[in-house]
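Here is a short set of questions and answers for a computational chemist. Look over the model before reading on.

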Amino acid sequence: MRHYICTGGCGGEASTPGVCQTEECHKEGEILTPCDCEDGSHANAKEEPEDTE
Ligand SMILES: [Zn+2]
Ligand SMILES: [Zn+2]
């Protein structure tokens, strides 16, 4: 079942699309990554490529 996870290190997870709301998180305010794994490993999360500096 589809869920949404934060890849910023806070371990946030939601069943609906949204943004991370963890203040100390790297990705606070950023859109959660869709994932459809069934075992909780989040191996199917598709992280959008980002520009690296
Ligand atoms: Zn987060
Ligand atoms: Zn997952």
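Donors are N, O and S atoms within 2.8 Å of the metal (3.2 Å for Na, K and Ca); water is not among the atoms, so sites may look incomplete. The model is predicted, with local features needing pLDDT of at least 70, side-chain atom pairs pLDDT 80 or more, and totals for chains, interfaces and linings using all residues. Residues are numbered from 1 along each chain, chains are lettered from A and ligands numbered from 1 in the order written, and side-chain values use heavy atoms, without hydrogens or water.

Q: What arrangement do the four donor atoms around the zinc ion (ligand 2) form?
A: The protein donors are His 3 (NE2), Cys 35 (SG), Cys 37 (SG) and His 42 (ND1), at 2.1 to 2.4 Å. Four donors count as tetrahedral if all angles lie between 85 and 135 degrees. Here the angles are 102 to 120°, so the arrangement is tetrahedral.

Q: How many residues apart are His 3 and His 42?
A: The donor spacing of the zinc ion (ligand 2) is H-x31-C-x1-C-x4-H. His 3 sits in strand 1 (residues 3-5) and His 42 in the segment after strand 3, strands being DSSP runs (E, at least two residues) numbered from the N terminus. The pair links distant parts of the chain, and the separation is 39 residues.

Q: Is His 3 buried or exposed?
A: Buried means under 20% relative accessible area, exposed over 50%, partly exposed in between (1.4 Å probe, protein chains only). His 3 has 10% relative accessibility, so His 3 is buried.

How values were computed: Tetrahedral: all angles 85-135°; square planar, octahedral: opposite > 155°, others 65-115°. Helix = DSSP H or I, 4+ residues; strand = E, 2+ residues; numbered from the N terminus.
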